[in-house]
Amino acid sequence: MKSNRSSLLKMTAAMAIFGTIGIFRSYIPCSSTLIAFVRGTVGMLFLILVMALTRKKISFSAIKKPLLLLCISGALIGINWIFLFEAYRYTTVATATLCYYMAPILVILVSPFVLRERLTFRKIICTISAIAGMVFISGVFSDGNVNPYGIAFGLGAAALYGTVIILNKFIDGVSDYEKTVIQLGMAAIAVLPYLLATEDLSSLDITPKVVVLLLIVGIIHTGVAYTLYFGSLSGLKAQTAAIFSYIDPVIALLLSAVILKEEFTPLKLLGSILILVAALVCELPEGFLKKFLPKEEKNNKNT
């Protein structure tokens, strides 16, 4: 399957939107729980509207069998959002994002036991590289100003997201739109009890600016971004889609430095490079690097 330009543009746009969510979170003076609830609710309603406009219907017979897994994974998504937004609150956007992108590495580590996938030497090296990168950006070698709660929440979000990825491997026969509508709805339902128990909603000072920012996170960063993302998948190779997903943390890193003036030490820069390179190399298809070998070397390898 050859990747088409329209799908590449959709994927790039989706990842660019995802990469800006940390910036918007930093300007919303609301709890992470409230933001997670709004994101799930508004995102779900937006996708339902998209399905109605495109005349797509939810097949209740198709979702009946994997309904439990859909509900569990959706609930984990909601808790994952709370952890991620808390990470943004306690540490820099750059550090939180990089911690969050440990999720693919965590999936690699557990996949041999859960999914029976082979753990190759390349993946082992990538895992070691990512862990080393995490050590560098965590601030353990700095003056100790890095908040450990931010690192912990970021890694917790990564663990939850990795669990969602694993669970989705066992969900078959459901379209991407159906899956996402249910998962976003469950994400909102999962965080609602905690929101009601911990927040005095009557005392919230919701200004027009906050409402606009919340709607942007719900509609643009959830509804629109997921619509673009799912709309791009049918026209892209799986490896291409995976590689393009790392546009997200790169944009987050750049924007946090430019807009929020977050400073990167040389060690944090090195850690960022180690994590992003490890994540990228892990997603390269087998034999990809052989394409860049001289013809003589290729011939030697075949003899």
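**View 1. Contacts between helices α5 and α10 in the predicted model.** On the α5 side, the residues in contact are L70, C71, S73, G74, A75, I77, G78, I79, W81 and I82. They meet K179, I182, Q183, L184, M186, A187, A190 and V191 of α10.

**View 2. The crossing of α5 and α10.** Helix α5 covers residues 67-90, and helix α10 covers residues 176-198. Their axes come within 7 Å and cross at roughly 60°. An angle under 65 degrees but not under 35 is neither roughly perpendicular nor roughly parallel, and α5 and α10 are therefore oblique to each other. The crossing of the two helices is right-handed.

**View 3. Helix α7, residues 103-114.** This helix has 12 residues, and at 1.5 Å a residue these should span 16 Å. The end C-alpha atoms of α7 are 15 Å apart, which agrees with that expected span. Buried residues in α7 are A103, P104, I105, V107, I108 and S111. In an α-helix there are 3.6 residues a turn, so residues three or four places apart point the same way.

**View 4. The residue R116, just after α7.** Here the backbone takes a positive phi, with a value of about 60° at R116.

**View 5. Cysteines C30 and C99.** C30 counts as buried because its relative accessibility is 9%, under the 20% cut-off. C99 also counts as buried, with a relative accessibility of 0%. The structure holds 0 disulfides. A disulfide is a covalent bond between the sulfur atoms of two cysteines.

Methods. Residues are numbered from 1 along each chain as its sequence is written. This is a predicted model: local features need pLDDT of at least 70, side-chain atom pairs count only at pLDDT 80 or more; totals for chains, interfaces and linings use all residues. Side-chain values use heavy atoms; hydrogens and water are left out. A disulfide is a pair of cysteine sulfur atoms within 2.5 Å. Buried means under 20% relative accessible area, exposed over 50%, partly exposed in between (1.4 Å probe, protein chains only). Helices (H or I, at least four residues) and strands (E, at least two) are DSSP runs, numbered from the N terminus. The expected span of a helix is 1.5 Å times one less than its number of residues. Axes are lines fitted to C-alpha atoms, for helices over the stretch in contact, and angles run from 0 to 180 degrees between N-to-C directions. Angles under 35 degrees count as roughly parallel, over 145 as roughly antiparallel, 65 to 115 as roughly perpendicular and the rest as oblique. A crossing is left-handed if the near helix is turned anticlockwise from the far one by less than a right angle, and right-handed if clockwise. Contact means heavy atoms within 4.5 Å.
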